[in-house]
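This report looks at how the parts of a protein chain are packed together, starting from a small group of rings and moving outward. Please keep the sequence and the structure in view while reading.

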Amino acid sequence: MTARKEEGRWAWRLTGFVTLCVYIFMFAPILATVILSFNASMFGGFPMTGFSLQWYAKLMNNEAVLSAFRTSLWIALVTAAVTTAIGVVTAFALVRFEFPGKQALSTLVILPALVPETILGVGLLVLIKAADQPRTMLLLVLGHIMLAVPYVVLIAQARMVGIRRVYEEAALSLGASRFASFREITLPLLIPAVVGGALLAFTISFDNTSASLFWRPAGVETMPTQILSMLKISISPEINALGTVMILVTVGIPLLGGLILQSLTRLKRRGEPKEETT
């Protein structure tokens, strides 16, 4: 019995050590990028020669970076808005209604999340080449929407399952239309999922690299593709500064979304009437 306990203890220690190594392997490059973005030297490496914000100042004056940021920002905003609307309506239909082809539709909606982005990018690129169609901004936005829709649908579905039908049925029995019932009853209860899905869709679009490489029009750069194009020239602290900005956006937005969801959940719980016990 003692030997088994000792083996179990060593197994947990080994698991913890391997987990620690994995985390170090994953996050050490990110930490190094952030630290080196403040390096005063133009050579992005250790040891650092001093602390400086000059590379962030150069980013603010780099028109190519600013243009790529504006492009990624408006694409991500459009993707988040359209994807959230499509995802919420699709999740509502899949959870609340029974219709022919429901399982096929559910599989089709989730499919882009199961296929690697590179394969989707190459496949769509081959398709538009076969159809003799140029790469346009509309195609790029539609591609980002296609990649983000599955995640919004899954989040909204998980929330829809927890919403009881009796609320909607009560509104319908009092004469409300299906749309009014959805707008006044279901949608307010879906707000945490709507906010979470929108922020996740924004992050997926803003940080997308592989699909944007295949679908973007000639001469158009997004933030990830701009970083790759800068890496082809040289590795400087300016790239580290740009990478740090990307980390702040892609990590900060989900964290902000989590705080918003927690706040909305707490407000909802406070607003619910307490059940009286007899």
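## A pair of rings in one helix

In this predicted model, Phe202 and Phe206 both belong to helix 9, where they are 4 residues apart, or about one turn of the helix. Both of these residues are buried, and for Phe206 the relative accessible area is 1%, which is under the 20% that serves as the limit for calling a residue buried. The ring centres of Phe202 and Phe206 are 5.8 Å apart and their planes meet at 10°, so this pair is stacked, given that planes under 30 degrees apart count as stacked.

## A third ring from another helix

How many aromatic pairs does the structure hold? There are 4 of them, and one is formed by Phe69 and Phe206, with an edge-to-face arrangement in which the centres are 5.9 Å apart and the planes stand at 80° to each other. Because Phe69 lies in helix 3 while Phe206 lies in helix 9, this pair ties together parts of the protein that are 137 residues apart in sequence. Phe69 is partly exposed, with a relative accessible area of 30%, whereas Phe206 counts as buried. Through such ring pairs, Phe69, Phe202 and Phe206 are linked into a cluster.

## The nonpolar cores

Phe202 and Phe206 appear again in the largest nonpolar core, which has 21 residues and in which Phe202, Phe206, Met223 and Leu242 are the residues with the most contacts inside the core. At least two residues of this core come from each of helix 2 (54–60), helix 3 (63–96), helix 6 (137–161), helix 9 (191–206), helix 11 (223–233) and helix 12 (237–271). Helix 12 contributes the most, with 6 residues. When residues up to four places away in sequence are set aside, Phe202 touches Leu73, Ala76, Leu77, Ala80, Val249 and Ile253. A second core, separate from this one, is made of 17 residues, including Leu94, Ile110, Leu120 and Ile128.

Is Ser72, a residue of helix 3, buried or exposed? With a relative accessible area of 3%, Ser72 is buried, because the limit for a buried residue is under 20%. Apart from its neighbours within four places in sequence, Ser72 is in contact with Phe206, Thr222, Met223 and Pro224.

## The surface

Turning to the outside of the protein, a nonpolar patch on the surface is formed by Leu14, Phe17, Val18, Val22, Tyr23, Phe25, Met26, Phe27 and Ile30, which together have about 940 Å² of accessible area. Among them, Val18 lies in helix 1 (residues 2–36) and is partly exposed, with a relative accessible area of 43%. The protein as a whole exposes about 17000 Å², of which carbon and sulfur atoms supply 69%.

## The protein as a whole

The protein contains 12 helices and 0 strands, so every element in its order from the N terminus on is an α element under the DSSP assignment. Of the 278 residues in the protein, 35% are buried. Where contacts join residues at least 6 apart in sequence, 70% of these contacts are between residues at least 24 apart, and the pair of Phe69 and Phe206, whose helices are helix 3 and helix 9, gives one example of parts far along the sequence, 137 residues apart, being tied together.

Definitions and conventions: Residues are numbered from 1 along each chain as its sequence is written. This is a predicted model: local features need pLDDT of at least 70, side-chain atom pairs count only at pLDDT 80 or more; totals for chains, interfaces and linings use all residues. Side-chain values use heavy atoms; hydrogens and water are left out. A nonpolar core is a set of buried Ala, Val, Leu, Ile, Met, Phe, Trp, Tyr and Cys residues joined through side-chain atoms within 4.5 Å. Buried means under 20% relative accessible area, exposed over 50%, partly exposed in between (1.4 Å probe, protein chains only). Contact means heavy atoms within 4.5 Å. Accessible areas come from the Shrake-Rupley method with a 1.4 Å probe; for residues, only the protein chains shown count as cover. Patches are made of residues with over 30% relative accessible area and no salt bridge: like charges are joined within 9 Å, nonpolar side chains (Val, Leu, Ile, Met, Phe, Trp, Tyr) within 5 Å. A salt bridge is a side-chain nitrogen of Lys or Arg within 4 Å of a carboxyl oxygen of Asp or Glu. Rings of Phe, Tyr and Trp (its six-membered ring) pair if their centres lie within 6.5 Å; planes under 30 degrees apart count as stacked, over 60 as edge-to-face and the rest as tilted.
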